Every structure is written in C-alpha cells, then in structure tokens.
Amino acid sequence: MTPMWLAFAILLLPALWLLVSPLRRASALHAAQRDFEAGDRAAEQNVAIYRRRLASLEAALERGEIDQPRFDEDRLELERSLLEDTEGLQRRPLHGPRAGRLAVPVIALALVVGSVAWYYHNGAEGDLALYAAYQESDSLPALVERLEAQAERQPDNPNVWSSLFPIYRDSGQGEAALEAIDHLIRLEGRQPSLLAQKAQLQFFMADRTLTDEVQALVDEILERDSSEPTTLGMLGVVAFDEGDYEKAIDQWRRAIAGMNDPDSADALREGIRAAQQRLGVAPEEREPVAAGPGVNLRVTLAEELQGELDDDTQVFVVARDMEGEKPPLAVARLTLGDLPTEVVLDDSRAMSQQASISEVDEVRIVVRVTTTGDASPVPGDMFGGRDGVAVGETDGEPVEVVVDRVVE
C-alpha cells in the first residue's frame, strides 16, 4: 500500500503548490497595486471634464442661447454624471501583503484531510489489498492465509468472501465454504445466483441428496429466476441419479442456455452424453474445444478395476504445475461411464485467472474417480496420473493416462 500513498502524495503536491504559489508574489502584487492607485488620475480627469462642460453652459447662458431653467437642468445633469463617474473610483485601503496567509495552510490541510477521507469512503483500498494478496502469494496455502487475514480486516467487503468461497469449495473445505457464501449473501442480499451456489454446495455436502434445506433454497431460487443455470444443473444431477435421464437432459440443456462458464457448460454436455448413452440414443457431438496451448489426453480405466463403481461416478481430470505450488491449472469433469474418452485441457478449463495451463511447459496429470464428489480423496476412490506431460498443440496424438490404483 505504500506505493499507493506515495502516488497520492505526489498527486497532491501540484494542488498544494497552486495554493502556496500566490504567497510568493504577494509583496510584488501589493506594490504594483499601490503604485497603480497612486498614479491613477481618472477622478481628476472627470472633474476637469465637468468644469469644461460647466463653463460651456455658463457661456451659452450669457450669450442668451439657453434660458435659466434650461441652464439649471443641464447643470444638474452634469453634476449627476460626475457623481456616477467618481462613485466607482473610491477604493478601500489596501491590506498588507501578509494578510490572509494563515488561511493558506488551513485550506491546504483541509484539502489533504478531505482527499484522504473521500478515498476511505469511496475508494478501493480493500480491493487493492486483495490484489496485493494475489500478487504476493506464490502458492495456494499462502493465498488462503492472506485472504483469511483480509477477511478479518475487512469483513464487510464482499470481494473477500467471493474470493475465498471457490477456494474452500474446490479444496473440499465444505464448512468453511458454507460460512463464506453465507457472509456473501448477508452482504449482497439473497440473489438467486448466490443462493444457487449455497444450494449446490449443501447438495454435494449431503452426498448428492436433495435435503429439506436444499429444497427450500431451490424453491426460492426458481420462484425468483426459473432459468438459474446452477440450480438447473443440480436438478439435472438429481434426475440422473434417480434414473430419469430424459428429465436430466432437459434440465442440463436449459442450464447450458443460461451459462457463461465454458468449463461448467462442457461438464454438463458430458453429462448429457452419458444420459443419452443410458437411454440408448446416439450421443450428441462434442463442440470443438478452444484453440491454444494445452494437452490432449486419452483417459482409460484399467481392466481389473472395471465394474467396481457405478457408471455415474464422477471423474476429475486435473492438470497441475510440476512443483505443485499453484492452484489447479485446468480441470475437466467426466463420469466413469464416459471412459475411455479423449479430453483436452487448455485455458478454457482454467479454474481461475491467476493460474492457467498456457503459463507452463510441463504439467502433472491427475485423474481421480471420486465416490463422494468432494475434492479430498477417501478410501475406495480410484486414481491415476502421469508426470511431465508437455504443454503444446492439442491436435496431435493424445497422451494415455490410466486409472489403475485405489485409495486404501
């Protein structure tokens, strides 16, 4: 924050200079004004003109060109004109060159204090602190620590909680994520999009169960926004789990129509493909993935593990940096029934703007089959992986990644 305040001080210097600079010329201006007034002969000139015109009137009266009443009238007009001309020439005494100097530092102080107060009230100091937290963090734990510190310092800043919520959620810290989204809802109001994120979180925390609390949130959301995509996506999962694949497809298609997140939309398309396979209809063609550096993978399940879990079990395909210091660079979500399949991980599947796969040359690929839907592995989950996968063009031969191990 120090550079910011230095920048503010530098910006205030010209304003303060404009306030102080007249004091440097006060003595010279006072002397010039005094000399001007001393040498001003405007009043004497007006009196001389009056006397000449009065003498002209008296001469005209003596010659009989005008009578006495006309003379008195014209003389009165001359006197009135003289008064009008000299009235504006009367000047107040000049103040000394040091008069009013005390007002300058008072105004300068008021300018500084007022500027700082205005910034504290209307500025974005808190958001700048968040930006600094992202810039200064070289790992996810360090980022979380800094964001949690900011949450204590500025609990009323919604940007703090909107930054913490997805990190808690994606790292399997359900209770912390729930607390963060509740803070956000208190600050931002019961917006359908925020309620939908809370409902989705509670839904997966309850092992994909539509509890009474989740159902109440869903009813409130749909009453306000019947096309809220996160809620429709969740209802599609419920329908899929219940075996109502046609309803699941309908819900997911409606969700995709209102969704701005390409990664989430791609995951729902994969779900639609799985539901169509269950119905025995031809799956829809996948949309072409975004161009750019990434990795092209072929994910398969080892023969000895086939049939161990249901086809609708979630599969996460994650690309991480080789040092493991950054958040996941790209994530794709599939189901076990999709395997074997090809998937491309590129910047379109990035989890955040702070970490993307195009920033590195090599990645570690981790594939996890999760029985709970949470990010943290539990006994019975399956996994596989591959290190040192080169990032580059995605139209070449896919890299084989096999799920061949079970969490004990």
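This passage describes the fold, sheets, cores and one buried threonine of a predicted model.

The protein contains 14 helices and eight strands. Of its 408 residues, 36% count as buried. The exposed surface amounts to about 23800 Å². Carbon and sulfur atoms supply 51% of that area. Among contacts with a separation of 6 or more, 60% link residues 24 or more positions apart.

Helices feature in the largest nonpolar core, which has 47 residues. L164, I181, F203, F240 and W252 touch the most other members of this core. Eight elements are listed as giving two or more residues to this core, including α7 (140–153), α8 (158–170), α9 (174–188) and α10 (192–205). The list continues with α11 (212–224), α12 (229–241), α13 (245–257) and α14 (262–279). The contacts of F203 can be itemised. Residues up to four places away in sequence aside, F203 touches R208, T209, L210, V214, M234, V237 and V238. Another core, of 28 residues, lies apart from the one that holds F203. Its members include L339, I365, M382 and V391.

The strands form sheets. Strands of a sheet pair through backbone hydrogen bonds, in either the parallel or the antiparallel sense. One open sheet has five strands in the order β3-β2-β5-β6-β8, and its pairing is antiparallel. Its edge strands are β3 and β8 (405–406), each of which pairs on one side only. Strand β2 (residues 314–321) is mostly covered, with seven of its eight residues buried. Six bridges join β2 to β3 (residues 330–335), and the two run antiparallel. Within this pair, A319 has A330 of β3 as its bridge partner. β2 also pairs with β5 (residues 362–370). That pairing is antiparallel too and spans eight bridges. Here D321 is bridged to V363 of β5. R320 stands opposite R364, also in β5.

A second arrangement has mixed pairing. It is an open sheet of three strands, in the order β4-β1-β7. β4 (341–346) and β7 (399–403) stand at the edges with a single partner strand each, so one side of each has no neighbour in the sheet. From one strand to the next, the twist of this sheet averages 35 degrees. β1 (residues 294–301) and β7 run parallel and are joined by five bridges. R298 has E400 of β7 as its bridge partner.

T300 also belongs to strand β1. Is T300 buried or exposed? Its relative accessibility is 12%, which is under the 20% cut-off, so T300 counts as buried. The side chain of T300 makes a polar contact with the side chain of E400, at 3.4 Å. E400 is thus named twice in this region: as the bridge partner of R298, and as the polar contact of T300. Leaving out residues up to four places away in sequence, T300 touches L339, P340, E400, V401, V402 and V403. One of these, L339, is a member of the 28-residue core. T300 therefore touches a residue of that core, since contact means heavy atoms within 4.5 Å and L339 is on its list.

Key: Residues are numbered from 1 along each chain as its sequence is written. This is a predicted model: local features need pLDDT of at least 70, side-chain atom pairs count only at pLDDT 80 or more; totals for chains, interfaces and linings use all residues. Side-chain values use heavy atoms; hydrogens and water are left out. Two strands pair if DSSP finds at least two bridges between them. Helices (H or I, at least four residues) and strands (E, at least two) are DSSP runs, numbered from the N terminus. Axes are lines fitted to C-alpha atoms, for helices over the stretch in contact, and angles run from 0 to 180 degrees between N-to-C directions. Buried means under 20% relative accessible area, exposed over 50%, partly exposed in between (1.4 Å probe, protein chains only). Accessible areas come from the Shrake-Rupley method with a 1.4 Å probe; for residues, only the protein chains shown count as cover. A nonpolar core is a set of buried Ala, Val, Leu, Ile, Met, Phe, Trp, Tyr and Cys residues joined through side-chain atoms within 4.5 Å. A polar contact is a pair of N or O atoms within 3.5 Å; within protein, one must be able to donate a hydrogen and the other to accept it, and residues adjacent in sequence count only if both atoms are side-chain atoms.
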